[in-house]
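This report goes through the structure shown below, moving from its nonpolar interior to a pocket, a group of annotated positions and some points of unusual backbone geometry.

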Amino acid sequence: MPNIINEIKLDFKDVLLKPKRSTLRSRNDVNLFRSITFRNSKRTYEGIPVMASNMDTVGTFEMAKALSKHGLFTTIHKYYSLDQWKKFADENPDCLKNIACSSGMAAMDFEKLSEVLNAIPDISFICLDVANGYSQHFVEFVRKVRAAFPTHTIIAGNVVTGEMVEELILSGADIIKVGIGPGSVCTTRLKTGVGYPQLSAVIECADAAHGLQGHIISDGGCTCAGDVAKAFGAGADFVMAGGMFAGHDQCSGELIEKDGKKFKLFYGMSSSTAMEKHAGKVAEYRSSEGKTVEVPYRGDVEATVLDVLGGLRSACTYTGAGKLKELPRRATFIRCTQQLNTIYS
């Protein structure tokens, strides 16, 4: 007999943060920087833990340069060559503390990851990214990477349940990427029926990770700065976004003009667009689990960064959190049927 979980699970759209009495005089008094020491690598990270996704249109060197200036993080996509990596590292040594080198789990991926990390020892973060973090093969791959790079900080995912968070942390990962299907160009839920509401996934996975001195990333589902604040309030140590950073000058891809309007292409990494670009075709044994959209051109990413950071500071002010680290302790979520007045949207 199939099991049914009757407990209600929630997404960001289902809740609002409850305001609380605050002693903060100004949004400017809020400290968004965090210092985090990782369980397995023993390294310490300092920065604002908002991340650009390692999608090939978003996780670019140009994005890393723009975000690093503000203390934000970029997971660099896995399709840059070793020579491109070396050139970037030589020209932007200050960015290396705010980036991760991404990898899949194929043999060629591991070889390339090793080449990059051996050539550029100042890179300390590795992002092991697969659509389904539940496979035993992935767990074994995490163990392999941990054995090869014992002092690097390993990000691994994606999963949405506490037991798999624990499994990956105990296998050597430091930060677990949480999210299956919430992304704006992800169609996993549509194609497979598999997923988990993101707010509840973050709350449950954060609890599991923190019990082992591990950490999590809320990956996907944020449509605005308020959603980023909710993810941190739910216990996420880092929040990763793709669509919120799409459409900017720092994103790869040509500028498209239609009817006097400008767009940039944005697509999921399991979409047919991505698979045809990087693998030549969609493999016969699988379906595309991502869509391709034309995102309105949004100019320099600077304005978006300031909007997100401003929204986060305001959320902390409304809830009385003087530091981003305090937001989960100050957060009370109110279930709601409507968040916004959309009459003029």
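## Basis of the description

Helices (H or I, at least four residues) and strands (E, at least two) are DSSP runs, numbered from the N terminus. In these terms, Asn-158 belongs to strand β8, which covers residues 153-159. The model is a predicted one.

## Nonpolar cores

The largest nonpolar core comprises 90 residues, and those with the most contacts inside it are Trp-85, Ile-123, Leu-128, Val-145, Ile-216, Val-228 and Phe-245. Helix α7, which spans residues 198-211, provides the largest share of this core, with 7 residues. Another core lies apart from it and has 13 residues, including Tyr-45, Phe-125, Ile-217 and Met-240.

Val-228, one of the residues with the most contacts inside the largest core, is in contact with Val-50, Cys-222, Val-239, Met-244, Val-308 and Leu-312, when its neighbours within four places in sequence are left aside.

## Helix α8 and the residue that follows

Val-228 is also one of the buried residues of α8, a helix that is mostly covered, with 8 of its 9 residues buried. The buried set in this helix is made up of Ala-225, Asp-227, Val-228, Ala-229, Lys-230, Ala-231, Phe-232 and Gly-233, and it therefore includes Asp-227 and Lys-230 alongside Val-228 and Phe-232. After α8 comes Gly-235, which has a positive phi, near 115°.

## The second largest pocket

The second largest pocket has a volume of about 150 Å³. Its lining is formed by Arg-34, Pro-49, His-210, Phe-232, Gly-235, Ala-236, Asp-237, Leu-324, Lys-325, Pro-328 and Arg-329, a set that divides into 5 nonpolar, 2 polar and 4 charged residues. Two of the features already described recur here, since the lining includes both Phe-232 and Gly-235; Phe-232 is buried in α8, while Gly-235 follows that helix.

## Annotated binding-site positions

An unreviewed UniProt entry lists Asp-219, Gly-220, Gly-221, Gly-242, Gly-243, Gly-268, Met-269 and Ser-270 under "binding site". Asp-219 is found in strand β10 and counts as buried because its relative accessibility is 14%, under the 20% limit. Setting aside residues up to four places away in sequence, Asp-219 touches Asn-158, Lys-177, Val-178, Gly-179, Pro-182, Gln-198 and Met-240. Asp-219 and Asn-158 are 61 residues apart along the chain, and their C-alpha atoms are separated by 8.3 Å.

Gly-220 is found in the loop between β10 (215-219) and α8 (225-233), and at 13% relative accessibility it also counts as buried. Beyond its neighbours within four places in sequence, Gly-220 is in contact with Phe-12, Pro-182, Gly-183, Gln-198 and Met-240. Pro-182, Gln-198 and Met-240 thus appear among the contacts of Asp-219 and among those of Gly-220, and Met-240 is also one of the residues of the 13-residue core.

## Buried residues Ile-180 and Phe-266

Ile-180 is found in the loop between β9 (175-178) and α6 (188-192), and this loop residue is buried, with a relative accessible area of 9%. Residues up to four places away in sequence not being counted, Ile-180 touches Ala-131, Tyr-134, Asn-158, Val-159, Val-160, Thr-188, Arg-189, Val-194, Gly-195 and Tyr-196. Ile-180 and Leu-24, by contrast, are 36 Å apart from C-alpha to C-alpha, with their positions 156 residues apart in sequence.

Phe-266 is found in strand β13, residues 261-267, and is buried, with a relative accessible area of 3%. The C-alpha atoms of Phe-266 and Gly-226, which are 40 residues apart along the chain, are separated by 22 Å.

## Backbone geometry

The peptide bond from Gly-157 to Asn-158 is cis, with omega near 20°. Asn-158, which lies in strand β8, is in turn among the residues touched by Asp-219 and by Ile-180.

Lys-42 has a positive phi of about 70° although it is not a glycine; Lys-42 is found in the loop between β2 (34-37) and β3 (44-47) and counts as exposed, at 63% relative accessibility. Gln-213, likewise a residue other than glycine, has a positive phi near 60°. Gln-213 lies in the loop between α7 and β10, and because its relative accessibility is 54%, it counts as exposed.

Key
Residues are numbered from 1 along each chain as its sequence is written. This is a predicted model: local features need pLDDT of at least 70, side-chain atom pairs count only at pLDDT 80 or more; totals for chains, interfaces and linings use all residues. Side-chain values use heavy atoms; hydrogens and water are left out. A nonpolar core is a set of buried Ala, Val, Leu, Ile, Met, Phe, Trp, Tyr and Cys residues joined through side-chain atoms within 4.5 Å. Buried means under 20% relative accessible area, exposed over 50%, partly exposed in between (1.4 Å probe, protein chains only). Contact means heavy atoms within 4.5 Å. On a 1 Å grid over the protein atoms alone, a cavity is a set of points where a 1.4 Å probe fits but cannot get out, and a pocket is an open set with protein on both sides within 12 Å along at least five of seven lines; lining residues have an atom within 4 Å of a point. Grid points are joined across faces, edges and corners, and a volume is the space filled by probe spheres set on the points. Ala, Val, Leu, Ile, Met, Phe, Trp, Tyr, Cys and Pro count as nonpolar, Asp, Glu, Lys and Arg as charged, and the others, Gly among them, as polar. UniProt positions are given in the numbering used here, feature names are shortened, and annotations may be inferred rather than shown by experiment.
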